[in-house]
Amino acid sequence: MRRAGSGVVAGALIACVAAALAGLGAARVPSAAPAALCIPIIMPCSSPSSTPTPGSTDPGIPGIPSLPLPGSSSAPIVPGPTPTPTAPPTPAGPDAGAPVFTQPPAQLGSQSLSFSGLRGVTVVTVPLADGSRIPVLKISADSITIDGFSLTVRKATGPKLSTTADQMALRGNVQVYVDSVTATGPDGTPLTLGAATPPPADGVPPQLLRVTLGLVGVTADSIHFTNPHQHLTE
C-alpha cells in the first residue's frame with residue numbers, strides 16, 4: 001500500500017524491522033552496505049568356473065559321458081558390467097560477499113514467491129558469528145516478491161519476534177541464503193531444496209506457492225514491506 005512519502009515510511013519500517021531483528025541476533029550491516037536481514041545445507045561378477053558339457057568324455061573313464069550337475073547350465077556365464085564410479089559432489093565454496101549470520105535460521109512462510117531475473121541457485125558456505133561456516137543454498141535474482149509474508153525469528157531461548165506483511169519486496173542484487181525450501185510449483189508439483197538437495201536439472205519455476213523457508217539471511221539494494229505488523233511472544 002503506497003502513499004505520498006512512501007519512501008520515508010518504507011525507510012522507517014525497514015529501520016524498525018532491522019532494529020527489532022538486530023535485538024534477536026540479526027547481524028549488523030554497515031550503513032553503506034545493501035539492506036540485509038542477516039538472520040539467526042559392487043563388485044563385478046567373478047569369472048565362471050569350467051562346467052562339464054553333456055556328451056563330453058571323461059578321460060579317466062573312456063566311453064562314459066560326463067553329466068552336468070543338477071541345476072547347472074551349458075550356457076556361458078557372462079560377467080555383469082562393472083559399475084561406473086560416481087564422481088563425488090563438488091564441495092561448496094565460500095561466498096566472499098556474504099555477511100556474518102547468526103543461528104538458528106528464521107522461519108519464513110508465504111502464500112507465493114516469485115522471481116525476476118533469476119541468476120542462479122547455488123550451494124555456498126557462509127560465516128557465522130561464532131567463527132564457523134555452514135553450507136547454505138544461495139538464490140540470486142534481480143528481484144523477489146513474497147506475498148502473504150510471515151517471518152518468525154528466535155534465539156535458542158527467549159522470546160520470538162513475529163513479523164507479518166501483505167508483501168515483502170526485495171529489489172536489486174538480491175541474495176537469499178536458506179538452509180531449506182519446501183514449496184509447490186504452479187502445476188502442483190512439490191519442490192524441496194536445501195544445501196544437500198540442489199535444484200532439479202530443469203531449474204526452479206519463476207513462481208512458487210505455499211512456500212516455507214529456513215531463512216539464514218537476505219541482502220538486497222532495497223527491502224520494502226506493505227502493511228507490516230510485529231509482535232513478541234514467549
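Two strands count as paired here if DSSP finds at least two bridges between them. With that in hand, let's look at strand β5 and its partners in this predicted model.

**View 1. Strand β5 meets strand β9.** Here β5 and β9 (residues 229–233) run antiparallel and are joined by five bridges. To find your bearings, look for T164, whose bridge partner in β9 is H229.

**View 2. The hairpin of β4 and β5.** Strand β4 (residues 133–154) runs antiparallel to β5 (residues 160–184), and 16 bridges link the two. One pair to pick out is I146 with M168 of β5, which stand opposite each other. Five residues lie between the strands of this hairpin, where G158 adopts a positive phi near 105°.

**View 3. M168 and strand β8.** Stay with M168, which faces I146 in the previous view. M168 also has a bridge partner in β8, namely F225. Strand β8 (residues 222–226) is antiparallel to β5, with five bridges between them.

**View 4. Strand β7 alongside β5.** Eight bridges connect β5 with β7 (residues 207–220), again in the antiparallel sense. A handy landmark is V181, which has L213 as its bridge partner in β7.

**View 5. The hairpin of β5 and β6.** Strand β6 (residues 190–194) pairs with β5 through five bridges, and the two run antiparallel. Look for S180, which sits opposite G194 of β6. This hairpin has five residues between its strands, and G188 takes a positive phi near 90°.

Definitions and conventions. Residues numbered from 1 in each chain as written. Predicted model: local features only at pLDDT ≥ 70, side-chain atom pairs only at ≥ 80, totals over all residues. Heavy atoms only, no water. Helix = DSSP H or I, 4+ residues; strand = E, 2+ residues; numbered from the N terminus.
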